[in-house]
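Hi everyone, thanks for coming. I'll walk you through one structure today, so have it open in front of you.

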Amino acid sequence: RNRLRNKMIRPTTIPQTYEDLLIEHAVAREALRLAFHHHKSLARSLKGTQQQRDVGQIFSQSATGETLIGSGGVLSHAPHRAQSALMMMDAYQPEGITMLTVDSIFMMPHLGVLSEHCYEAAKQVFEFDCIVKCGHCISPVGVGKPGETCVTVTGEGVNLEVKYGSIAVIPAGRNEFKELTVAPARSFDVGEGKGRPVTKKLEGGTVGIIIDGRGRPFNLPTDATERTAKLREWLEAMGLPLPK
């Protein structure tokens, strides 16, 4: 609480310790989650038919194979891109198969203005300098029991079984594609219906191809000891350092 109050008093300061950084990222998750829900409520209240359908689909998270772009200082300036990806996974809870990307240095608003005058230049900067791909994220929809198989991913040297409540990462860089078969367990859905497999060409990125087996909706354990253990487990699965 004192650290948060200090941040309120001096909002331009940067975290001095790893623990400070984790606290800021925790607050950012909640802010992103609330902003997301607010935008969804606005989308539902729009009156224009064409606009209402398009915007509503964007925020419904019902489609699979979409791209999620995270923009803003906390996402753009996180020390590790895996931290940005994990914040988006926790706050937005993407469903099915989604490409996670980050605005590299929070330049999207400026490119929007530039595009009104130099469209091609803005487009090139957007594609080659602005967008950083973290990698495709596989997020099965459904709820299971801890330890039970949530999803199995196979193909091109990959044979990975992910348990419910865990995260796994398949190493793959940007422009490195793997044609994978994603076979959810009977009570889970990755876009084609419960228990139905999906075969897609997935791309990695600065993090890799992420498999989020925590289910949707995703809720943190209420027990403090169990919650702390799971948070540390997920940080380690994403290749991030653990706090002391």
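**The open sheet and what packs on it**

Let's start with one small match: Leu-68 has Leu-100 in β2 as its bridge partner. Before I go on, a word on the source: this is a predicted model, where local features need pLDDT of at least 70, side-chain atom pairs count only at pLDDT 80 or more, and totals for chains, interfaces and linings use all residues. Residues are numbered from 1 along each chain as its sequence is written, and side-chain values use heavy atoms, with hydrogens and water left out.

Back to those strands. β1 and β2 (residues 96-103) run parallel and are joined by five bridges. When I say strand, I mean a DSSP run of E with at least two residues, while a helix is a run of H or I with at least four residues, and both are numbered from the N terminus. Two strands pair if DSSP finds at least two bridges between them.

Now zoom out a bit. In what order do the five strands of the open sheet come? The order is β1-β2-β3-β9-β6, with mixed pairing. β1 (66-70) and β6 (167-170) are at the edges with a single partner strand each, so each has one side without a neighbour in the sheet. On average, neighbouring strands here are turned by 25 degrees against each other, direction ignored.

Two helices to point out on this sheet. Helix α5 lies across β1, β2, β3 (131-139), β6 and β9, and runs at about 130 degrees to β2. Helix α7 (residues 119-130) packs on the sheet too, touching β1, β2 and β3, and its direction makes about 65 degrees with that of β3. For the angles, axes are lines fitted to C-alpha atoms, for helices over the stretch in contact, and the values run from 0 to 180 degrees between N-to-C directions. Contact means heavy atoms within 4.5 Å.

While we're on α5, look at Gln-83, which has its place in that helix. Gln-83 has a relative accessible area of 4%, so it is buried. The scale goes like this: buried is under 20% relative accessible area, exposed is over 50%, and partly exposed is in between, using a 1.4 Å probe and protein chains only. Leaving out residues up to four places away in sequence, Gln-83 touches Tyr-18, Leu-21, His-25, Ala-78 and Leu-240.

**Rings**

Next up, aromatics. How many aromatic pairs does the structure hold? Three. In one of them, Phe-36 and Tyr-92 have ring centres 5.3 Å apart and planes at 55 degrees, so that pair is tilted. Phe-36 is in helix α2 (residues 18-45) and Tyr-92 in helix α5 (residues 81-92), so to speak a link between distant parts of the chain, 56 residues apart. Both Phe-36 and Tyr-92 are buried.

Then there's Phe-218 with Trp-234, an edge-to-face pair at 5.5 Å centre to centre and 70 degrees between the planes. The cut-offs: rings of Phe, Tyr and Trp (its six-membered ring) pair if their centres lie within 6.5 Å, with planes under 30 degrees apart counted as stacked, over 60 as edge-to-face and the rest as tilted. Phe-218 counts as buried at 9% relative accessibility, and Trp-234 does at 4%.

Keep your cursor there for Arg-214. Its charged end sits over the ring of Phe-218, 4.1 Å from the centre. Arg-214 also lies over the face of Trp-234, at 4.8 Å from the ring centre. A charge sits over a ring if NZ of Lys or CZ of Arg is within 6 Å of the ring centre and within 35 degrees of the ring normal.

**Cysteines and strand β7**

What about disulfides? There are zero, a disulfide being a pair of cysteine sulfur atoms within 2.5 Å. The sulfur of Cys-137 has its closest cysteine sulfur in Cys-134, 10.0 Å away, which is too far for a bond. Cys-137 is buried, at 0% relative accessible area.

Last stop, β7 (residues 177-184). Lys-178, Leu-180, Val-182 and Pro-184 point to one face and are buried, whereas Phe-177, Glu-179, Thr-181 and Ala-183 point to the other and are not. Four bridges join β7 to strand β4 (residues 149-155), running antiparallel, and Val-151 has Pro-184 as its bridge partner. Six bridges join β7 to strand β8 (residues 198-203), also antiparallel, where Lys-178 is partnered with Leu-202.

That's my tour, thanks for listening.
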